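Subject: Structure for you to look at

Hello,

Here is the structure I said I would pass on. My notes on it follow below.

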Amino acid sequence: TRFNILSQAGVAALAQASTPRVAALACGVNVSGTGFVVGAGWVVTAAHVVAGASVVRLQAVQGTVDATVVLFDPRMDLALLHAPSLVAPALQFAAPDPERGTIGVALGYAGGGPLVIIPAAVAGSYPARGLDIYGRERVTRHILELRAAVDRGDSGGPLVLEGGRVGGVVFAESRSDAEVGYALAAG
C-alpha cells in the first residue's frame, strides 16, 4: 500500500503524545532533543542529548516532568530516562528492522521548537563504523540511512513506521546532504 500524506499524519498523531521534548542542562548549557515513551515512565533518547546533564526535564502533552538518566551508552548513543510521573502511551519497536524503501515519519523538536513531522524513507541499512559520542573510541552501529530532513534537536526521536511501530532512533543529520538523516536500527 502507498503510505500517503494522510497516512503519515495519522501515524504521527498516534505517536505525538508519546514523543516528549527532552530538555537538559549540561555543563551550564541548555540542550534540547527528543525522546519517546517505551513503557510507563520510561523514555528512550540519544545519549548525546543528556551527556553530562545535571538536570533533565521532559516536556510532554501533560506538562513538564523531571527525569533521571538510568542507562547511558555513549558507544551506541542511547540513553534510557525514568520519569515516574510521565503519563503517555508506550510505543513498540518494530521487528524485523525496516528494509530499504520502507516509509514512515520521524518526529522531533528541531532547534528546540515545536514538534515537527518529518516524512522519511529508509534508503539503506548497514553497520557503520564511527566514534562514540565523545570522539574517543571506535564503534560499529547498525544504522538506517534515511531520506529525511533531520535537524539538530530531532536526536532521540522515533522513526515511526506505517503500523505505528518504531523502526529506529534518530541520532544524526548528514553534514553534506540536508535531505539525509540517520537512525539507529531498532533491533
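Is F36 buried or exposed? In this predicted model, F36 is buried, with a relative accessible area of 0%; the cut-off for buried is under 20%.

F36 is also part of an aromatic contact. The model holds one aromatic pair. The ring centres of F36 and F93 lie 5.8 Å apart and the ring planes meet at 70°, so this pair is edge-to-face, given that planes over 60 degrees apart count as such. F36 sits in strand β2, whereas F93 belongs to the loop between β6 (78-82) and β7 (103-108), so the contact ties together parts that are 57 residues apart in sequence. F93 has a relative accessibility of 36% and therefore counts as partly exposed.

Now the strands around F36. Strand β2 covers residues 29-39 and pairs with strand β1 (residues 21-26) in the antiparallel sense, over six bridges. One point of register is R21, which stands opposite T34 in β2. The two strands form a hairpin with two residues between them. In that turn, C27 has a positive phi of about 55°.

β2 also pairs with strand β3 (residues 42-45), again in the antiparallel sense, over four bridges. Here G35 stands opposite T45 in β3. β2 and β3 likewise make a hairpin with two residues between the strands, and G41 takes a positive phi near 80° in it.

In short, β2 pairs with β1 and with β3, and carries F36 of the aromatic pair.

Regards

Technical notes:
Residues numbered from 1 in each chain as written. Predicted model: local features only at pLDDT ≥ 70, side-chain atom pairs only at ≥ 80, totals over all residues. Heavy atoms only, no water. Pairing = 2+ DSSP bridges. Phe/Tyr/Trp six-rings, centres within 6.5 Å; stacked < 30°, edge-to-face > 60°. Buried < 20%, exposed > 50% of the residue type's maximum accessible area, 1.4 Å probe, protein only.
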